[in-house]
Amino acid sequence: MKEVFGKAEYMTRFRTRTFFTALFTASFMAASSIISPAETLGISSIQALNGVINGPAASVSGGSTAIDAALKQIQDAVSNASSVVSGIQQGFTVPLPEGYDFNNVGTYTYDKMTGDLSHLKASYPSMQMDVLGTTVDGRQIYHVVVGNPNAPHKILVHAAIHGREYITAQLVMREMASLLEMQAKGQNYAGKNMADVLNAVCIHFVPMVNPDGVSISQLGMAGIRSQSIRDSIQSMAAQDAVSDMDTYLKYWKNNARGVNLNKNFDANWTVCSDTKGHPSADEYKGPSAESEVESKALADLTRRVHFDRTISYHTQGEVVYWYFGFGSYVNNARIMAQIVNNNSGYGISDNYAPNSAGGFKDWAEQKLGIPSVTIECGKGTSPVEEGQITDMWTQNQGVLPDLLITM
């Protein structure tokens with residue numbers, strides 16, 4: 001996990017770390033022929049802070065200017081975000097419809113999710129649902145729209161991009177159902193009629209981006225339908241010198257092809273850290289950016305819809321990541337992080353490293369300028385204990401309503 005800085009200590013730590021990270025990354029990228037060593041660090045604050053650091057011969061004054069620009073931008077964003085309030089803290093409530101598997105404490109599987117989606121569609125006819133793609137093991141990547149699909153503003157929420165973080169699919173299903181109920185009842189929240197709000201802002205949900213990885217983590221080899229994929233995973237385990245297959249599969253993070261989907265997006269992908277370098281249960285970033293069905297489906301959706309905001313749910317650590325270098329997205333992304341903090345108490349990290357990259361949030365911010373956050377829920381080790389869903393819901397139930405009314 002990255003460090004989480006308090007506001008008081010942020011300035012000194014960020015200035016020091018960013019400058020030396022910039023110099024290290026510049027040397028590495030120039031040595032790797034990613035950039036030209038003739039360029040200077042200060043050529044552009046946007047380049048410098050987005051990891052396209054210019055040359056080991058960079059001037060200290062130029063680098064300092066870039067860092068100062070980023071510091072000022074973040075300071076302003078923190079100040080602007082300080083006025084954000086929580087509807088839950090003001091006494092407003094959020095409903096959770098009963099009679100669904102996502103209400104229960106227990107392992108939330110792909111089959112339970114598909115059952116809940118069918119039930120929700122029958123109960124709330126305004127809900128729109130389709131499929132973004134089919135995984136290599138034959139599971140569908142479901143996509144749901146809550147609210148007016150032609151609304152001028154659109155938000156993307158996705159979860160379970162990592163197999164062992166499957167509890168986040170259950171959380172996002174609860175968020176989806178809650179908004180459907182608020183829309184159907186025209187419920188008032190923080191002085192706003194949510195039916196009216198969802199007519200102006202719609203939310204796209206992809207509750208389980210990586211259903212194959214989820215099934216492997218939950219069910220082991222029994223969760224794999226294809227014999228060829230079983231054989232492939234056995235080969236990965238052999239290459240990783242695995243002695244305990246059950247544990248190896250329980251902590252499975254990647255998709256069925258052994259690729260970490262949240263290192264498979266085109267954001268500093270070429271320099272993204274990859275400690276494995278081959279298909280495995282974790283780490284491996286894939287042969288190329290968007291090489292996987294799941295990551296490409298999510299990226300294609302994002303390019304097609306032009307979202308105003310995105311939220312990526314992960315476990316664990318109870319921290320919000322929002323920053324990936326200088327850019328136009330910064331102010332609104334920091335407001336999003338504050339909304340999450342107000343509801344959950346999760347820490348906010350204003351830190352980033354150019355080679356800790358390839359994530360969906362990183363790509364959405366760097367390449368598309370979309371304000372985005374990654375929310376790390378839960379405590380302990382993934383897969384987190386399933387009883388934590390109760391606290392996760394309490395901490396996150398107001399996040400989307402609060403975000404909606406700020407749009």
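**A walk through the fold, from one salt bridge to the core**

Let me start with a single residue, Asp 362, which at 8% relative accessibility counts as buried, because the limit for that word is under 20%. I should say at once that what we have in front of us is a predicted model, and I will keep to what can be read from its atoms.

The partner of Asp 362 is its neighbour in the chain, Lys 361, and the two side chains meet in a salt bridge at 3.0 Å, taken from N to O. Lys 361 has a relative accessibility of 5%, so it counts as buried too.

This pair belongs to a wider set, since the count of salt bridges comes to 14. One of them joins Asp 212 and Arg 139, whose side chains meet at 2.9 Å, N to O. Here the link is between distant parts of the chain, with Asp 212 in helix α7, residues 211-219, and Arg 139 in the loop between β1 and β2, the two being 73 residues apart. Asp 212 and Arg 139 are both buried.

Another salt bridge brings together the side chains of Lys 367 and Asp 266, at 3.1 Å from N to O. It also ties distant parts of the chain, because Lys 367 sits in helix α12, residues 360-368, while Asp 266 lies in the loop between α9 and α10, 101 residues apart. Are these two residues buried, exposed or partly exposed? Lys 367 counts as partly exposed, at 42% relative accessibility, and Asp 266 is likewise partly exposed, with a relative accessible area of 35%. There is also a network of salt bridges, which links Glu 290, Lys 296, Asp 300 and Arg 303.

Let me turn now to the sheet. It is an open sheet of eight strands with mixed pairing, and if you follow along on the model, the order is β1-β2-β6-β3-β7-β10-β8-β9. At the edges stand β1 and β9, each of which pairs on one side only. From one strand to the next, the twist averages 20°.

Within that order I would ask you to look at β7, residues 309-315, where seven of the seven residues are buried, so that the strand is largely enclosed by the rest of the structure. In a regular strand the side chains alternate between the two faces of the sheet. Which residues of β7 lie on each side? On one side we find Arg 309, Ile 311, Tyr 313 and Thr 315, and on the other Thr 310, Ser 312 and His 314, and with all of these buried both faces of β7 are covered.

The neighbours of β7 can be followed residue by residue. With β3, residues 153-159, β7 pairs in the parallel sense over five bridges, and Ile 155 stands opposite Arg 309. With β10, residues 372-377, β7 also runs parallel, this time joined by six bridges; here Tyr 313 stands opposite Ile 375, and Thr 315 stands opposite Cys 377.

Helices lie across these strands. Helix α4, residues 110-123, lies across β1 and β2 and runs at about 35° to β2, while helix α11, residues 330-344, lies across β7, β8, β9 and β10, running at about 25° to β10.

A further helix to look for is α5, residues 167-185, whose 19 residues reach 28 Å from the first C-alpha to the last, close to the 27 Å expected. Of those 19 residues 17 are buried, so α5 is largely enclosed by the rest of the structure. Just after α5 comes Gly 186, which takes a positive phi of about 60°.

That brings me to the interior. In soluble globular proteins, nonpolar side chains tend to be buried together. The largest nonpolar core in this model has 91 residues, and those with the most contacts inside it are Leu 120, Phe 205, Ile 311 and Tyr 313. Its largest share, ten residues, comes from α5. Apart from this core lies another, of twelve residues, including Ile 224, Ile 229, Ala 237 and Tyr 248.

To finish, consider Phe 205 more closely. Leaving out residues up to four places away in sequence, Phe 205 touches, among others, Tyr 142, His 143, Val 144, Val 146, Val 157, Val 172, Met 176 and Leu 400.

Definitions and conventions: Residues are numbered from 1 along each chain as its sequence is written. This is a predicted model: local features need pLDDT of at least 70, side-chain atom pairs count only at pLDDT 80 or more; totals for chains, interfaces and linings use all residues. Side-chain values use heavy atoms; hydrogens and water are left out. Helices (H or I, at least four residues) and strands (E, at least two) are DSSP runs, numbered from the N terminus. The expected span of a helix is 1.5 Å times one less than its number of residues. Buried means under 20% relative accessible area, exposed over 50%, partly exposed in between (1.4 Å probe, protein chains only). A salt bridge is a side-chain nitrogen of Lys or Arg within 4 Å of a carboxyl oxygen of Asp or Glu. Two strands pair if DSSP finds at least two bridges between them. Axes are lines fitted to C-alpha atoms, for helices over the stretch in contact, and angles run from 0 to 180 degrees between N-to-C directions. Contact means heavy atoms within 4.5 Å. A nonpolar core is a set of buried Ala, Val, Leu, Ile, Met, Phe, Trp, Tyr and Cys residues joined through side-chain atoms within 4.5 Å.
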